[in-house]
Amino acid sequence: MKRERYLDHPTRLRAERIAFYCPASLAHEIQLTGEAVVQKKPTRRVATGRARLVCRELTLEARKITVNVRGEDPDLQITGRGNVHFVTQQKAQMLREEGIRSLLITNEQVIPLR
């Protein structure tokens, strides 16, 4: 599936803050750790202090990671803000962005904001 492109290929994103939006069908695959992990709502968890999220081949690292489960919305979205470093290996192609202000990843699109 297109929405799982970054989950099924080695992908790493580091930033000051990251928001991860996923459909409920993927929520059970998320491993979220940090110095503090708080369940804000049934559909929202926040990890702070050396926060790390792993979902299949995707690894996110930040001071703060917010996970939002979107019910049955099929879209996957990741937003990184503040000194963003991103690398992904998609078959024979590698995509890399370093030191950018923010980055938006949707199902199969990467939008860097410098």
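Buried here means under 20% relative accessible area, a handy cut-off to keep in mind for the views below.

**View 1. The whole protein chain in a predicted model.** By that cut-off, buried residues make up 40% of the 114 residues in the protein chain. With this many residues, a compact globule would have a radius of gyration near 13 Å, and the chain's own 13 Å agrees, so its extent fits the globule rule. Along the principal axes, the C-alpha atoms fill a box of roughly 35 × 30 × 20 Å. The chain exposes about 6500 Å², and carbon and sulfur atoms supply 47% of that area.

**View 2. One helix and nine strands.** Follow the sequence from its start and you will meet the pattern β-β-α-β-β-β-β-β-β-β. Contacts between distant parts of the sequence are easy to find here: among those joining residues at least 6 apart, 56% link residues at least 24 apart.

**View 3. Confidence along the chain.** The mean pLDDT of the protein chain is 92, and 96% of the residues reach 70 or more. Which element has the lowest mean pLDDT, and which the highest? Helix 1 (residues 24-27) has the lowest, at 90, while strand 3 (residues 31-33) has the highest, at 98. As a friendly reminder, predicted coordinates should not be read in detail where pLDDT is low.

**View 4. The largest nonpolar core, with 27 residues.** Phe20, Leu53, Leu60 and Ile65 are the residues with the most contacts inside this core. Strand 2 (17-22), strand 5 (44-55), strand 6 (58-69), strand 7 (77-90) and strand 8 (93-106) each supply at least two of its residues. Strand 6 gives the most, with five residues.

**View 5. Phe20 and the residues it touches.** Stay with Phe20, one of the residues with the most contacts inside the core. Leaving aside residues up to four places away in sequence, which residues does Phe20 touch? Its partners are Ile30, Leu53, Leu58, Leu60, Thr66, Val67, Asn68, Leu76, Gln77 and Ile78. Among them, Leu53 and Leu60 also appear with Phe20 in the list of core residues with the most contacts.

**View 6. The hairpin between strand 4 and strand 5.** Two residues connect these strands in the hairpin. How many bridges pair strand 4 (residues 36-41) with strand 5? There are five, and the pairing runs in the antiparallel sense. To find your way across the pair, start at Val38, which stands opposite Val46 in strand 5. Strand 5 also supplies at least two residues of the largest nonpolar core, linking this view to View 4.

How values were computed. Residues numbered from 1 in each chain as written. Predicted model: local features only at pLDDT ≥ 70, side-chain atom pairs only at ≥ 80, totals over all residues. Heavy atoms only, no water. Core = buried A, V, L, I, M, F, W, Y, C linked by side-chain atoms within 4.5 Å. Buried < 20%, exposed > 50% of the residue type's maximum accessible area, 1.4 Å probe, protein only. Contact = heavy atoms within 4.5 Å. Pairing = 2+ DSSP bridges. pLDDT = per-residue confidence, 0-100. Rg over C-alpha atoms; globule rule 2.2 N^0.38 Å. Areas by Shrake-Rupley, 256 points an atom, 1.4 Å probe, with all protein chains shown as cover.
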